[in-house]
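This report goes through a predicted model. The order is fold, core, annotated domain, chain contact, DNA surfaces and local backbone features.

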There are 2 protein chains.
Amino acid sequence: MSSASASEPDGGDVLPDWVRPLVKESLSERAYRELRVALMRGQLRPDTRLRLRPMSARFGISATPMREALLRLVAEKALALDARGSVVVPRLTLDQLLEIRAIRTDLEGRAAAAGAAGRAAEIDALDAIHARISLCHASRDFARAVNLNTEFHLTLCRLGQMPILYEIVELLWVRCGPILSHLYDDGVPDWEPHPHRRIIDALRRGDPEAARDAVREDIERGGRGLFAHVRAAAAG
Amino acid sequence: MSSASASEPDGGDVLPDWVRPLVKESLSERAYRELRVALMRGQLRPDTRLRLRPMSARFGISATPMREALLRLVAEKALALDARGSVVVPRLTLDQLLEIRAIRTDLEGRAAAAGAAGRAAEIDALDAIHARISLCHASRDFARAVNLNTEFHLTLCRLGQMPILYEIVELLWVRCGPILSHLYDDGVPDWEPHPHRRIIDALRRGDPEAARDAVREDIERGGRGLFAHVRAAAAG
DNA sequence: GTTCGTTATTTGTTATAACAAACATCCAAC
DNA sequence: GTTGGATGTTTGTTATAACAAATAACGAAC
């Protein structure tokens, strides 16, 4: 065996930085990704049926990769199967919403606590996102505020440097995607200070427990619009 | 519209109890299920490649449902894809193991706390499982003890009546499956009382916080064999 | 008008084949 | 012995077709 490391390709560390391994994205992966962002942006309403062949026609691909993309989202519980085996956008029940909130409290709280040791630049990015949220509130641009709120929480989770935890939390957000547009059904929050600010301040102070508690408060207070909507949908 | 409920099939409630809707299990679902239990029982070693056509030949099915089953497990992170796109049994890193332990502490702890309001019969079932674990320790039947320990934790989680949380925890256990056989690499625990017993007692008393704390202790103390193994595997 | 049975279409499921890329094998050349 | 390249195999990916079950559309009988 040669003296060079076998795991490194030839001259791997003399190549310029901009030489990246080019990502080959399969057709199914592209369809998966597009559907996923559509879900998270609330562009797919609950109970919508995603039939195989019509969908593959829309994406301009054959049934095989389309089915693969749909079933991958089903495996992640972002989509579901009805009795027929058709893929549908799931309708969140009140119990599920309560459960997701509880899990998010645990996991996002842990991520925030772990992120209290994070770098200042990353905390600044969080601050910038919240500033944009405030602007959206002022201009009553709630659609954008919803997306920014998601981005705030996911960015916060990335601070924790826990990839597995992050994936779980992200999936929970994807599951809530179809109803997220109702986040402000309860009205615009005028809390002072906003829980996001308490989170940011706790992170800046490097106080893990304060960060965790602020996350808990944010999750408890926010999301009341979602509960109002789910309750109304269950009654209707 | 007739006065009968439209959601009930004709005469649905006059049929005997043993008339159940028969579950149609697709080929891909059967392959998926078999692979899943094989993973959880530690019958698949890390870095094992599961090539598409050989696997479909072993299962006696075509490539399409086999691919579906494999990719479903990949979506659940129970399996992984290497650079070639081949499905492989993932090798847990130390960081991943630490992260999974932390997440389990949060989620299983919450499930145990919620389960403190559970019925006595279910807690008795938990007690019975632990009794069998003790017998396995006495007879040094560690393979069975590992499976029973998994069953103990998952049964405990079911007590919490939180389906989403349960699914997440179960996936974490599946991910640990390939290395679970090394649970006793560190020796047989002779803790007195065993943390499982503290969990059971706390549940019987209906003490949520004590249950949560006992789970935390169990997860911290147990699993040291796993860490010893992962450390050794990383060095080797 | 309602109900029942028939037909036609659409659905999910599975098998098979074609394709390109990656891999392994082998042999010649030095 | 090592290197280099040609070749044959195996791999993952995608398209297509066949199948059965479910659904929808339609029309006849009461």
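Along its sequence, chain A runs through the pattern α-β-α-α-β-β-α-α-α-α-α-α-α. That amounts to 10 helices and three strands. Chain A has 236 residues, and 35% of them are buried. Among the contacts in chain A with a separation of 6 or more, 74% are between residues 24 or more positions apart. As stated above, the model is predicted.

**Nonpolar core**

The largest nonpolar core contains 109 residues. The residues with the most contacts inside this core are A:A111, A:L165, A:I199 and A:A211 from chain A, and B:A111, B:I199 and B:A211 from chain B. The element that gives the most to this core is helix α7 of chain A (residues 163-180), with 10 residues.

What is A:A111 in contact with, leaving aside its neighbours within four places in sequence? The residues are A:L156, A:C157, A:L159, A:G160, A:M162 and A:L165. A:L165 is also one of the residues listed with the most contacts inside the core.

**Annotated domain and sheet**

In the UniProt annotation, from an unreviewed entry, residues 25-91 of chain A are covered by "domain: HTH gntR-type". This span is 52% helix and 9% strand, and the C-alpha atoms at its two ends are 30 Å apart.

In chain B, three strands make up an open sheet with the order β1-β3-β2 and antiparallel pairing. The edges of this sheet are β1 (49-50) and β2 (80-81) of chain B; each has a single partner strand, so one side of each is left without a neighbour in the sheet. Strand β3 of chain B (residues 87-88) is joined to β2(B) by two bridges, and the two strands run antiparallel. Within this pairing, B:L81 has B:V87 of β3(B) as its bridge partner.

**Contact between the chains**

On the chain B side, 17 residues are in contact with 17 residues of chain A. The elements of chain B that give two or more residues to this side are α3, α4 (94-115) and α7 (163-180). Of these, α4(B) provides the largest share, eight residues. The side of chain B that touches chain A is made up of 10 nonpolar, one polar and six charged residues.

**Surfaces near the DNA strands**

Around DNA strand C there are 20 residues, of which A:L52, A:G85, B:S26, B:L27 and B:S62 come nearest. At least two residues of this surface are supplied by each of α2 (52-59) and α3 (63-75) of chain A, and by each of α1 (27-40) and α3 (63-75) of chain B.

DNA strand D has 19 residues around it, and those that come nearest are A:S26, A:L27, A:S62, B:L52 and B:G85. Two or more residues of the surface near DNA strand D come from each of α1 (27-40) and α3 of chain A and α2 (52-59) and α3 of chain B.

The division of the two surfaces by residue class is given in the table.

| Surface | Nonpolar | Polar | Charged |
|---|---|---|---|
| Near DNA strand C | eight residues | seven residues | five residues |
| Near DNA strand D | eight residues | seven residues | four residues |

**Local backbone features**

A cis peptide bond links A:E192 to A:P193, with omega near -5°. A:P193 sits in the loop between α7 and α8 (195-205) of chain A. In chain B, the peptide bond that joins B:E192 and B:P193 is cis, with omega about -5°. B:P193 is in the loop between α7 and α8 (195-205) of chain B.

A:K77 is not a glycine, yet its phi is positive, at about 65°. A:K77 belongs to the loop between α3 and β2 (80-81) of chain A. Why does A:K77 count as partly exposed? There are 17 C-beta neighbours inside 10 Å of A:K77, and the partly exposed class lies between the limits of 12 or fewer for exposed and 20 or more for buried.

B:R140, also a residue other than glycine, has a positive phi near 55°. The loop that holds B:R140 is the one between α5 (120-138) and α6 (142-159) of chain B. B:R140 has 9 other C-beta atoms within 10 Å, so this residue is exposed.

Notes. Residues numbered from 1 in each chain as written. Chains lettered and ligands numbered in written order. Predicted model: local features only at pLDDT ≥ 70, side-chain atom pairs only at ≥ 80, totals over all residues. Core = buried A, V, L, I, M, F, W, Y, C linked by C-beta atoms within 7 Å. Helix = DSSP H or I, 4+ residues; strand = E, 2+ residues; numbered from the N terminus. Contact = placed C-beta atoms within 7 Å. UniProt positions renumbered as here; feature names shortened; annotations may be inferred. Pairing = 2+ DSSP bridges. Near = placed C-beta within 6 Å. Nonpolar A, V, L, I, M, F, W, Y, C, P; charged D, E, K, R; others polar.
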